[in-house]
Amino acid sequence: MLKGKTVILGVCGGIAAYKAAALCSKLVQAGAKVRVVMTESAAKLVQPLTFQALSKYHVVVDAFEENDPSVITHVDMADSADLVIIAPATANIIGKMANGIADDMLSTTMLVTRAPVIIAPAMNVHMYDHPAVQANMRTLEQRGAYYVEPGVGLLACGYVGKGRLAEPEEIVAAAQQLLKRLADRPLAGKKVLVTAGGTVERIDPVRYLTNDSSGKMGFAVAEAARELGAEVTVVAARTSAPAPAGVELVRVESALEMREEVLSRSPVADMAVMAAAVADYRPLHPEEQKIKKNAETLTLELVKNPDILLELGERKNNGQLLIGFAAETENVEVNALGKLERKNCDLLVANDVSAEGAGFGTDTNIITIYGHRGFSLPLPLVSKREAALRLMRLAAEKLAEKTKGPAE
(Lines give C-alpha, C1' and ligand atoms only; values in the text may rest on other atoms or scores of the structure.)
Protein backbone atom coordinates (compact mmCIF):
# COMPACT_ATOMS: atom_id res chain seq x y z
CA MET A 1 0.00 0.00 0.00
CA LEU A 2 2.93 2.38 0.52
CA LYS A 3 4.45 1.88 -2.93
CA GLY A 4 4.35 5.14 -4.84
CA LYS A 5 2.79 7.05 -1.94
CA THR A 6 4.16 10.34 -0.68
CA VAL A 7 4.66 10.26 3.09
CA ILE A 8 5.53 13.30 5.15
CA LEU A 9 7.53 12.19 8.16
CA GLY A 10 7.44 14.75 10.96
CA VAL A 11 10.27 14.31 13.44
CA CYS A 12 10.07 16.10 16.79
CA GLY A 13 12.61 16.80 19.50
CA GLY A 14 12.36 13.74 21.69
CA ILE A 15 15.19 11.35 22.46
CA ALA A 16 13.36 8.78 20.33
CA ALA A 17 14.15 10.87 17.25
CA TYR A 18 16.93 8.41 16.49
CA LYS A 19 14.27 5.74 15.86
CA ALA A 20 12.74 7.96 13.20
CA ALA A 21 15.78 7.34 11.03
CA ALA A 22 15.03 3.61 10.99
CA LEU A 23 11.37 4.41 10.31
CA CYS A 24 12.37 6.61 7.36
CA SER A 25 14.49 3.80 5.97
CA LYS A 26 11.72 1.22 6.28
CA LEU A 27 9.19 3.53 4.60
CA VAL A 28 11.59 4.02 1.68
CA GLN A 29 12.14 0.26 1.48
CA ALA A 30 8.37 -0.17 1.27
CA GLY A 31 8.34 2.03 -1.83
CA ALA A 32 7.22 5.33 -0.33
CA LYS A 33 8.52 8.75 -1.29
CA VAL A 34 9.45 10.18 2.11
CA ARG A 35 9.70 13.93 2.68
CA VAL A 36 11.04 14.69 6.14
CA VAL A 37 10.13 17.77 8.18
CA MET A 38 12.08 18.23 11.42
CA THR A 39 11.58 20.61 14.29
CA GLU A 40 14.61 22.63 15.32
CA SER A 41 14.77 20.60 18.54
CA ALA A 42 14.83 17.34 16.59
CA ALA A 43 17.71 18.66 14.46
CA LYS A 44 19.77 19.05 17.65
CA LEU A 45 19.36 15.34 18.39
CA VAL A 46 19.72 13.86 14.89
CA GLN A 47 21.34 15.65 11.95
CA PRO A 48 19.02 16.44 8.99
CA LEU A 49 21.71 15.01 6.73
CA THR A 50 20.90 11.56 8.14
CA PHE A 51 17.32 11.76 6.88
CA GLN A 52 18.41 13.32 3.60
CA ALA A 53 20.71 10.38 2.95
CA LEU A 54 17.96 7.90 3.77
CA SER A 55 15.11 9.60 1.93
CA LYS A 56 17.08 11.07 -1.00
CA TYR A 57 15.11 14.29 -0.52
CA HIS A 58 15.99 17.62 1.04
CA VAL A 59 15.00 17.80 4.70
CA VAL A 60 13.09 20.91 5.79
CA VAL A 61 13.66 22.46 9.21
CA ASP A 62 13.42 26.24 8.92
CA ALA A 63 9.91 27.65 8.44
CA PHE A 64 11.34 30.42 6.26
CA GLU A 65 13.41 28.15 4.05
CA GLU A 66 12.05 28.56 0.53
CA ASN A 67 14.34 26.91 -2.00
CA ASP A 68 11.85 26.80 -4.87
CA PRO A 69 10.35 30.22 -5.68
CA SER A 70 7.54 28.61 -7.69
CA VAL A 71 5.89 27.12 -4.57
CA ILE A 72 5.32 27.80 -0.89
CA THR A 73 7.18 24.95 0.78
CA HIS A 74 4.75 24.01 3.56
CA VAL A 75 1.75 24.23 1.22
CA ASP A 76 3.49 22.21 -1.47
CA MET A 77 4.49 19.51 0.99
CA ALA A 78 1.06 19.38 2.59
CA ASP A 79 -0.69 19.09 -0.78
CA SER A 80 1.65 16.37 -2.01
CA ALA A 81 1.08 14.04 0.97
CA ASP A 82 -0.86 10.81 0.80
CA LEU A 83 -0.08 10.22 4.46
CA VAL A 84 1.54 12.10 7.35
CA ILE A 85 3.37 10.32 10.16
CA ILE A 86 4.54 12.23 13.24
CA ALA A 87 7.18 10.12 15.02
CA PRO A 88 8.21 10.79 17.64
CA ALA A 89 5.26 13.02 18.48
CA THR A 90 6.07 15.09 21.56
CA ALA A 91 3.58 16.67 23.93
CA ASN A 92 4.55 19.97 22.33
CA ILE A 93 3.53 19.10 18.76
CA ILE A 94 0.37 17.35 19.97
CA GLY A 95 -0.60 20.52 21.84
CA LYS A 96 0.17 22.72 18.83
CA MET A 97 -1.86 20.56 16.46
CA ALA A 98 -4.82 20.38 18.85
CA ASN A 99 -4.91 24.15 19.32
CA GLY A 100 -4.08 25.31 15.82
CA ILE A 101 -0.68 26.79 16.67
CA ALA A 102 1.63 27.22 13.67
CA ASP A 103 5.03 28.53 14.74
CA ASP A 104 7.43 26.23 12.88
CA MET A 105 7.55 24.32 9.60
CA LEU A 106 5.99 21.11 10.94
CA SER A 107 3.06 22.68 12.80
CA THR A 108 2.40 25.02 9.85
CA THR A 109 2.37 22.09 7.43
CA MET A 110 -0.05 20.22 9.67
CA LEU A 111 -2.58 23.03 9.45
CA VAL A 112 -2.55 22.83 5.66
CA THR A 113 -2.56 19.12 4.92
CA ARG A 114 -5.75 17.18 4.30
CA ALA A 115 -3.97 13.83 4.26
CA PRO A 116 -4.64 11.21 6.96
CA VAL A 117 -2.37 11.64 9.97
CA ILE A 118 -0.73 8.96 12.12
CA ILE A 119 0.64 10.15 15.48
CA ALA A 120 3.19 8.05 17.35
CA PRO A 121 3.63 9.68 20.79
CA ALA A 122 6.83 9.38 22.79
CA MET A 123 7.41 11.11 26.13
CA ASN A 124 7.75 10.70 29.88
CA VAL A 125 5.00 8.55 31.40
CA HIS A 126 3.72 11.36 33.64
CA MET A 127 3.72 13.76 30.72
CA TYR A 128 1.77 11.25 28.63
CA ASP A 129 -0.80 10.83 31.41
CA HIS A 130 -1.18 14.56 32.03
CA PRO A 131 -4.81 15.67 31.59
CA ALA A 132 -3.81 18.41 29.13
CA VAL A 133 -1.94 15.96 26.89
CA GLN A 134 -4.76 13.43 27.05
CA ALA A 135 -7.32 16.13 26.22
CA ASN A 136 -5.25 17.26 23.24
CA MET A 137 -4.95 13.70 22.02
CA ARG A 138 -8.71 13.20 22.27
CA THR A 139 -9.26 16.42 20.33
CA LEU A 140 -7.02 15.23 17.52
CA GLU A 141 -8.67 11.80 17.48
CA GLN A 142 -12.08 13.44 17.15
CA ARG A 143 -10.74 15.38 14.17
CA GLY A 144 -9.62 12.18 12.49
CA ALA A 145 -6.04 11.53 13.65
CA TYR A 146 -4.87 7.96 14.12
CA TYR A 147 -2.53 6.78 16.88
CA VAL A 148 0.17 4.18 17.23
CA GLU A 149 0.23 3.69 20.99
CA PRO A 150 3.56 4.08 22.80
CA GLY A 151 5.09 1.05 24.43
CA VAL A 152 5.63 0.32 28.11
CA GLY A 153 9.16 -0.04 29.47
CA LEU A 154 12.24 1.76 30.71
CA LEU A 155 12.23 5.36 29.45
CA ALA A 156 15.26 7.55 28.76
CA CYS A 157 14.42 9.65 31.83
CA GLY A 158 14.78 6.60 34.06
CA TYR A 159 11.07 6.08 34.70
CA VAL A 160 9.34 2.82 33.83
CA GLY A 161 5.94 3.18 32.21
CA LYS A 162 4.04 4.01 29.03
CA GLY A 163 5.85 6.43 26.78
CA ARG A 164 8.34 4.59 24.56
CA LEU A 165 8.00 5.26 20.86
CA ALA A 166 6.49 2.30 19.04
CA GLU A 167 8.98 0.31 17.02
CA PRO A 168 9.45 1.38 13.38
CA GLU A 169 8.00 -1.92 12.17
CA GLU A 170 4.79 -1.27 14.13
CA ILE A 171 4.43 2.21 12.67
CA VAL A 172 4.98 0.99 9.11
CA ALA A 173 2.41 -1.77 9.66
CA ALA A 174 -0.08 0.79 10.98
CA ALA A 175 0.52 2.96 7.91
CA GLN A 176 -0.04 0.00 5.59
CA GLN A 177 -3.21 -0.97 7.40
CA LEU A 178 -4.59 2.58 7.38
CA LEU A 179 -3.94 3.11 3.67
CA LYS A 180 -5.56 -0.22 2.90
CA ARG A 181 -8.57 0.74 4.97
CA LEU A 182 -8.88 4.14 3.32
CA ALA A 183 -8.56 2.61 -0.14
CA ASP A 184 -11.61 0.46 0.63
CA ARG A 185 -14.46 2.93 0.12
CA PRO A 186 -17.66 0.88 -0.17
CA LEU A 187 -19.88 3.97 0.17
CA ALA A 188 -18.29 5.87 -2.73
CA GLY A 189 -21.00 7.63 -4.72
CA LYS A 190 -23.62 7.13 -2.01
CA LYS A 191 -25.50 9.88 -0.16
CA VAL A 192 -25.77 9.41 3.60
CA LEU A 193 -28.03 11.48 5.85
CA VAL A 194 -27.15 11.57 9.56
CA THR A 195 -28.79 13.25 12.54
CA ALA A 196 -26.85 14.17 15.68
CA GLY A 197 -27.22 15.91 19.02
CA GLY A 198 -30.15 16.64 21.29
CA THR A 199 -33.11 18.71 20.21
CA VAL A 200 -34.12 21.80 22.17
CA GLU A 201 -37.79 22.46 22.95
CA ARG A 202 -38.38 26.03 24.09
CA ILE A 203 -40.41 26.83 27.21
CA ASP A 204 -39.71 30.54 26.93
CA PRO A 205 -36.87 32.64 25.41
CA VAL A 206 -34.38 31.58 28.13
CA ARG A 207 -35.51 28.08 29.13
CA TYR A 208 -35.90 24.83 27.27
CA LEU A 209 -36.26 21.07 27.54
CA THR A 210 -33.40 18.96 26.18
CA ASN A 211 -31.29 15.88 26.99
CA ASP A 212 -27.69 14.88 27.63
CA SER A 213 -26.73 14.05 24.04
CA SER A 214 -23.37 15.53 23.02
CA GLY A 215 -23.60 14.61 19.34
CA LYS A 216 -20.38 12.57 19.55
CA MET A 217 -21.90 9.35 18.22
CA GLY A 218 -23.77 11.03 15.38
CA PHE A 219 -20.68 12.98 14.35
CA ALA A 220 -18.59 9.79 14.56
CA VAL A 221 -21.06 8.08 12.22
CA ALA A 222 -20.88 11.00 9.79
CA GLU A 223 -17.09 10.92 9.87
CA ALA A 224 -17.02 7.15 9.28
CA ALA A 225 -19.43 7.42 6.35
CA ARG A 226 -17.31 10.17 4.82
CA GLU A 227 -14.17 8.07 5.33
CA LEU A 228 -15.82 5.21 3.45
CA GLY A 229 -16.48 7.50 0.50
CA ALA A 230 -20.01 8.79 1.07
CA GLU A 231 -21.33 12.28 0.46
CA VAL A 232 -22.60 13.10 3.94
CA THR A 233 -25.19 15.55 5.22
CA VAL A 234 -25.55 16.01 8.98
CA VAL A 235 -28.65 17.57 10.50
CA ALA A 236 -27.48 18.51 13.98
CA ALA A 237 -29.31 19.94 16.97
CA ARG A 238 -27.53 21.02 20.18
CA THR A 239 -24.06 19.45 20.38
CA SER A 240 -20.95 19.85 22.51
CA ALA A 241 -18.61 17.86 20.27
CA PRO A 242 -16.77 19.40 17.29
CA ALA A 243 -18.44 18.73 13.95
CA PRO A 244 -16.49 16.60 11.46
CA ALA A 245 -14.85 18.20 8.46
CA GLY A 246 -15.83 17.37 4.92
CA VAL A 247 -19.58 17.05 5.49
CA GLU A 248 -22.56 19.32 4.89
CA LEU A 249 -23.72 20.55 8.30
CA VAL A 250 -27.30 21.75 8.78
CA ARG A 251 -28.04 23.25 12.19
CA VAL A 252 -31.49 22.98 13.77
CA GLU A 253 -32.88 23.45 17.26
CA SER A 254 -36.22 21.72 17.78
CA ALA A 255 -37.65 18.36 16.78
CA LEU A 256 -40.00 20.09 14.34
CA GLU A 257 -37.08 21.83 12.64
CA MET A 258 -35.16 18.56 12.47
CA ARG A 259 -38.16 16.80 10.97
CA GLU A 260 -38.50 19.42 8.25
CA GLU A 261 -34.83 19.27 7.27
CA VAL A 262 -34.64 15.46 7.41
CA LEU A 263 -37.80 14.81 5.41
CA SER A 264 -36.76 17.31 2.73
CA ARG A 265 -33.42 15.56 2.26
CA SER A 266 -34.34 11.91 2.77
CA PRO A 267 -35.77 11.23 -0.74
CA VAL A 268 -32.30 11.54 -2.32
CA ALA A 269 -30.43 9.71 0.46
CA ASP A 270 -29.23 6.16 -0.05
CA MET A 271 -28.93 5.76 3.71
CA ALA A 272 -30.38 7.58 6.72
CA VAL A 273 -28.83 7.17 10.16
CA MET A 274 -30.95 8.67 12.92
CA ALA A 275 -28.45 9.06 15.77
CA ALA A 276 -29.94 12.25 17.25
CA ALA A 277 -31.70 12.22 20.62
CA VAL A 278 -35.01 13.76 19.58
CA ALA A 279 -37.34 15.00 22.31
CA ASP A 280 -40.52 12.96 22.58
CA TYR A 281 -42.52 15.98 23.82
CA ARG A 282 -42.50 19.76 23.51
CA PRO A 283 -44.35 22.54 25.36
CA LEU A 284 -47.77 23.09 23.81
CA HIS A 285 -47.65 26.85 24.36
CA PRO A 286 -44.08 28.19 24.59
CA GLU A 287 -44.12 31.67 26.09
CA GLU A 288 -42.92 34.65 24.05
CA GLN A 289 -41.55 36.37 27.16
CA LYS A 290 -39.59 35.01 30.11
CA ILE A 291 -41.82 33.31 32.68
CA LYS A 292 -41.59 35.14 36.00
CA LYS A 293 -41.19 33.32 39.30
CA ASN A 294 -44.52 34.20 40.88
CA ALA A 295 -46.45 31.06 41.81
CA GLU A 296 -45.22 28.29 44.08
CA THR A 297 -45.76 25.71 41.32
CA LEU A 298 -45.66 25.78 37.54
CA THR A 299 -47.48 23.38 35.26
CA LEU A 300 -46.26 22.75 31.72
CA GLU A 301 -48.55 21.16 29.18
CA LEU A 302 -46.58 19.02 26.77
CA VAL A 303 -47.60 17.69 23.38
CA LYS A 304 -46.09 14.73 21.56
CA ASN A 305 -43.49 15.45 18.88
CA PRO A 306 -43.65 13.79 15.45
CA ASP A 307 -41.76 10.49 15.22
CA ILE A 308 -39.14 11.24 12.55
CA LEU A 309 -37.77 7.70 12.44
CA LEU A 310 -41.26 6.24 12.05
CA GLU A 311 -42.03 8.62 9.18
CA LEU A 312 -38.79 7.70 7.43
CA GLY A 313 -39.64 4.02 7.83
CA GLU A 314 -43.03 4.60 6.22
CA ARG A 315 -41.57 6.61 3.35
CA LYS A 316 -38.38 4.72 2.50
CA ASN A 317 -38.07 3.02 -0.87
CA ASN A 318 -36.73 -0.46 -1.48
CA GLY A 319 -33.21 0.76 -2.15
CA GLN A 320 -32.82 2.91 0.97
CA LEU A 321 -31.24 1.77 4.20
CA LEU A 322 -32.63 3.10 7.47
CA ILE A 323 -30.71 2.88 10.75
CA GLY A 324 -32.23 3.85 14.09
CA PHE A 325 -30.74 4.29 17.54
CA ALA A 326 -32.18 3.30 20.89
CA ALA A 327 -30.75 4.64 24.13
CA GLU A 328 -32.16 2.40 26.86
CA THR A 329 -31.77 1.91 30.61
CA GLU A 330 -33.48 -1.49 30.91
CA ASN A 331 -34.67 -4.41 28.76
CA VAL A 332 -32.33 -3.25 26.00
CA GLU A 333 -32.80 -6.17 23.61
CA VAL A 334 -36.58 -6.35 23.94
CA ASN A 335 -37.00 -2.61 23.47
CA ALA A 336 -34.53 -2.51 20.58
CA LEU A 337 -36.17 -5.36 18.65
CA GLY A 338 -39.58 -3.80 19.18
CA LYS A 339 -38.35 -0.48 17.84
CA LEU A 340 -36.68 -2.17 14.87
CA GLU A 341 -40.01 -3.64 13.77
CA ARG A 342 -42.28 -0.69 14.63
CA LYS A 343 -40.12 1.87 12.85
CA ASN A 344 -39.40 -0.35 9.82
CA CYS A 345 -35.64 0.02 10.28
CA ASP A 346 -33.05 -2.13 8.56
CA LEU A 347 -30.65 -1.88 11.50
CA LEU A 348 -31.15 -0.70 15.07
CA VAL A 349 -28.22 0.36 17.26
CA ALA A 350 -28.97 -0.04 20.96
CA ASN A 351 -27.04 0.69 24.11
CA ASP A 352 -27.62 0.85 27.83
CA VAL A 353 -26.80 4.48 28.61
CA SER A 354 -26.57 3.68 32.32
CA ALA A 355 -23.54 1.43 31.71
CA GLU A 356 -20.13 2.88 32.48
CA GLY A 357 -18.46 4.10 29.30
CA ALA A 358 -21.63 3.90 27.21
CA GLY A 359 -23.64 6.94 28.24
CA PHE A 360 -24.12 10.38 26.74
CA GLY A 361 -21.05 12.56 26.41
CA THR A 362 -18.49 9.76 26.68
CA ASP A 363 -15.79 9.09 24.07
CA THR A 364 -16.56 5.36 24.18
CA ASN A 365 -19.63 3.23 23.66
CA ILE A 366 -20.94 -0.30 24.16
CA ILE A 367 -23.49 -1.11 21.48
CA THR A 368 -25.38 -3.99 19.95
CA ILE A 369 -26.52 -3.74 16.33
CA TYR A 370 -29.78 -5.56 15.66
CA GLY A 371 -31.24 -6.57 12.31
CA HIS A 372 -33.92 -8.81 10.91
CA ARG A 373 -34.01 -12.62 10.97
CA GLY A 374 -32.23 -12.74 14.33
CA PHE A 375 -29.21 -10.68 13.33
CA SER A 376 -27.30 -9.35 16.33
CA LEU A 377 -23.79 -7.91 16.49
CA PRO A 378 -22.58 -6.90 19.99
CA LEU A 379 -19.55 -4.60 20.19
CA PRO A 380 -17.51 -4.35 23.41
CA LEU A 381 -16.30 -1.09 24.92
CA VAL A 382 -14.64 0.77 22.03
CA SER A 383 -14.26 4.38 20.98
CA LYS A 384 -17.32 5.90 19.37
CA ARG A 385 -15.23 6.40 16.28
CA GLU A 386 -14.44 2.68 16.05
CA ALA A 387 -18.05 1.74 16.79
CA ALA A 388 -19.23 4.11 14.05
CA LEU A 389 -16.78 2.67 11.54
CA ARG A 390 -17.90 -0.88 12.31
CA LEU A 391 -21.51 0.22 11.94
CA MET A 392 -20.90 1.95 8.59
CA ARG A 393 -19.01 -1.02 7.17
CA LEU A 394 -21.91 -3.27 8.11
CA ALA A 395 -24.37 -0.73 6.69
CA ALA A 396 -22.43 -0.64 3.42
CA GLU A 397 -22.79 -4.42 3.15
CA LYS A 398 -26.53 -4.24 3.88
CA LEU A 399 -26.99 -1.41 1.38
CA ALA A 400 -25.20 -3.42 -1.31
CA GLU A 401 -27.51 -6.36 -0.62
CA LYS A 402 -30.59 -4.14 -1.00
CA THR A 403 -29.47 -2.51 -4.22
CA LYS A 404 -27.89 -5.40 -6.11
CA GLY A 405 -29.83 -6.96 -8.92
CA PRO A 406 -31.44 -10.42 -8.87
CA ALA A 407 -29.07 -13.37 -8.72
CA GLU A 408 -28.18 -14.89 -12.03
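**Exercise 1. Identify the residue of β10 that is the bridge partner of R202, and describe the hairpin around this pair.**

Step 1. The bridge partner of R202 in β10 is Y208.

Step 2. The strands concerned are β9 (residues 201-204) and β10 (residues 207-209), which run antiparallel and are joined by 3 bridges. Strands here are DSSP runs of E with at least two residues, helices are runs of H or I with at least four, and both are numbered from the N terminus. Two strands count as paired if DSSP finds at least two bridges between them.

Step 3. The hairpin leads from β9 to β10 through 2 residues.

The model is predicted: local features need pLDDT of at least 70, side-chain atom pairs count only at pLDDT 80 or more, and totals for chains, interfaces and linings use all residues. Residues are numbered from 1 along each chain as its sequence is written, and side-chain values use heavy atoms, with hydrogens and water left out.

**Exercise 2. State the overall content and extent of the chain.**

Step 1. The chain contains 14 helices and 19 strands.

Step 2. Its C-alpha trace spans about 75 × 70 × 45 Å along the principal axes.

Step 3. Of the 408 residues in the chain, 50% are buried. Buried means under 20% relative accessible area, exposed means over 50%, and partly exposed lies in between, with a 1.4 Å probe and protein chains only.

**Exercise 3. Give the strand order of the open sheet of 8 strands and explain which strands stand at the edges.**

Step 1. The order is β12-β11-β8-β13-β16-β17-β18-β19, and the pairing is mixed.

Step 2. β12 (248-251) and β19 each have a single partner strand and stand at the edges, so one side of each is left without a neighbour in the sheet.

Step 3. On average, neighbouring strands of this sheet are turned by 15° against each other, direction ignored.

Step 4. A parallel pair is formed by β8 (residues 191-196) and β13 (residues 271-274), over 4 bridges. Here L193 stands opposite A272 in β13.

Step 5. An antiparallel pair is formed by β18 (residues 364-370) and β19 (residues 376-383), over 6 bridges. In β19, V382 is the bridge partner of N365.

**Exercise 4. Locate the backbone features at R373, K56 and the bond between A87 and P88.**

Step 1. Most residues other than glycine have a negative phi, and most peptide bonds are trans.

Step 2. R373 has a positive phi near 55°. R373 belongs to the hairpin of β18 and β19, which has 5 residues between the strands. At 85% relative accessibility, R373 counts as exposed.

Step 3. K56 has a positive phi near 70°. K56 is placed in the loop between α3 (48-55) and α4 (73-80), and at 67% relative accessibility K56 counts as exposed.

Step 4. A87 and P88 are joined by a cis peptide bond, with omega of about -5°. P88 lies in strand β3 (residues 83-89).

**Exercise 5. Describe how α1 packs with α9, and how α5 packs with α8.**

Step 1. Two packed helices are described by the angle between their axes and the distance between the axes. Axes are lines fitted to C-alpha atoms, for helices over the stretch in contact, and angles run from 0 to 180 degrees between N-to-C directions.

Step 2. The axes of α1 (residues 17-29) and α9 (residues 168-183) come within 9 Å and cross at roughly 45°. α1 and α9 are therefore oblique to each other. Angles under 35 degrees count as roughly parallel, over 145 as roughly antiparallel, 65 to 115 as roughly perpendicular and the rest as oblique.

Step 3. The crossing of α1 and α9 is right-handed. A crossing is right-handed if the near helix is turned clockwise from the far one by less than a right angle, and left-handed if anticlockwise.

Step 4. α5 (residues 91-99) and α8 (residues 131-142) pack at about 50°, with axes 9 Å apart. α5 and α8 are therefore also oblique to each other, and their crossing is left-handed.

Step 5. Helix α5 contains I93, which counts as buried at 2% relative accessibility.

**Exercise 6. Find the charged end that sits over the ring of Y146, and the one over the ring of F375.**

Step 1. A charge sits over a ring if NZ of Lys or CZ of Arg is within 6 Å of the ring centre and within 35 degrees of the ring normal.

Step 2. Over Y146 sits the charged end of R385, 4.1 Å from the ring centre. Over F375 sits the charged end of K398, 4.5 Å from the ring centre.
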